[in-house]
Amino acid sequence: MSGSADPGHRVLTCGRRGAERREVLASFYVDNSVSNSGNGSSWSSAWKSFSDINWSAVRAGDTIHVSGGTYEETLNVRASGSSGNPIRIVASDENGHNDP
């Protein structure tokens with residue numbers, strides 16, 4: 001594990017020999033069932049909507065987990081990944097956050 005310039009991000013580099021290595025920086029969360037939008041750092045302080053995402057906090061290699069549900073809005077990605085470190089936006093597979 002190596003350090004990061006931003007103390008809010010942990011950098012973990014992992015990979016198999018011969019496989020492309022990918023840095024995993026931070027995980028963020030979106031859940032439209034929370035009562036108030038938080039800072040996105042956990043399910044309990046998730047962003048409530050796509051428009052609440054703080055794109056200045058999202059960096060290459062980060063993952064945004066989206067809780068199950070209906071989001072009647074457009075997701076406009078306003079940050080960039082890189083070829084080896086894309087920004088991943090994934091449907092949650094965690095219990096309690098994976099229902100449609």
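The following paragraphs describe the strands, the sheet, an aromatic pair and a surface patch of a predicted protein model.

Because the model is predicted, local features were required to have pLDDT of at least 70 and side-chain atom pairs were counted only at pLDDT 80 or more, whereas totals for chains, interfaces and linings use all residues. Residues are numbered from 1 along each chain as its sequence is written, and side-chain values rest on heavy atoms, with hydrogens and water left out.

The protein contains zero helices and five strands, where helices (H or I, at least four residues) and strands (E, at least two) are DSSP runs numbered from the N terminus. From the N terminus on, the elements accordingly read β-β-β-β-β. Of the 100 residues, 35% count as buried, a class defined by under 20% relative accessible area, with exposed meaning over 50% and partly exposed lying in between (1.4 Å probe, protein chains only).

Three strands form an open sheet in the order S3-S4-S5 with parallel pairing, two strands being taken as paired if DSSP finds at least two bridges between them. S3 and S5 stand at the edges with a single partner strand each, so that one side of each is left without a neighbour in the sheet. The twist from one strand to the next averages 25°, with axes defined as lines fitted to C-alpha atoms (for helices, over the stretch in contact) and angles running from 0 to 180 degrees between N-to-C directions. Strand S3 (residues 27–30) is joined to S4 by four bridges, and within this parallel pair Val-30 stands opposite Val-66 of S4. S4 is likewise joined to strand S5 (residues 88–91) by four bridges, again in parallel; here Arg-88 is the bridge partner of Thr-63, and Val-90 stands opposite His-65.

In a regular strand the side chains alternate between the two faces of the sheet. In strand S4 (residues 63–66), Thr-63 and His-65 point one way while Ile-64 and Val-66 point the other way, and all of these residues are buried. Gly-61, in the loop between S3 and S4, counts as buried because its relative accessibility is 0%. The C-alpha atoms of Gly-61 and Ile-87 lie 5.2 Å apart in space, although the two residues are 26 residues apart in sequence.

A search of the whole structure finds three aromatic pairs, the criterion being that rings of Phe, Tyr and Trp (its six-membered ring) have centres within 6.5 Å, with planes under 30 degrees apart counted as stacked, over 60 as edge-to-face and the rest as tilted. Phe-28 and Trp-47 form a stacked pair, with 5.2 Å centre to centre and 20° between the planes. This pair links distant parts of the chain, since Phe-28 belongs to strand S3 and Trp-47 to the loop between S3 and S4, 19 residues apart. Phe-28 counts as buried at 8% relative accessibility, and Trp-47 counts as buried at 2%.

At the surface, Leu-75, Val-77 and Ile-89 make a nonpolar patch of about 210 Å². Patches are made of residues with over 30% relative accessible area and no salt bridge (a side-chain nitrogen of Lys or Arg within 4 Å of a carboxyl oxygen of Asp or Glu), like charges being joined within 9 Å and nonpolar side chains (Val, Leu, Ile, Met, Phe, Trp, Tyr) within 5 Å. Accessible areas come from the Shrake-Rupley method with a 1.4 Å probe, and for residues only the protein chains shown count as cover. Leu-75 is found in the loop between S4 and S5 and, at 31% relative accessibility, counts as partly exposed.
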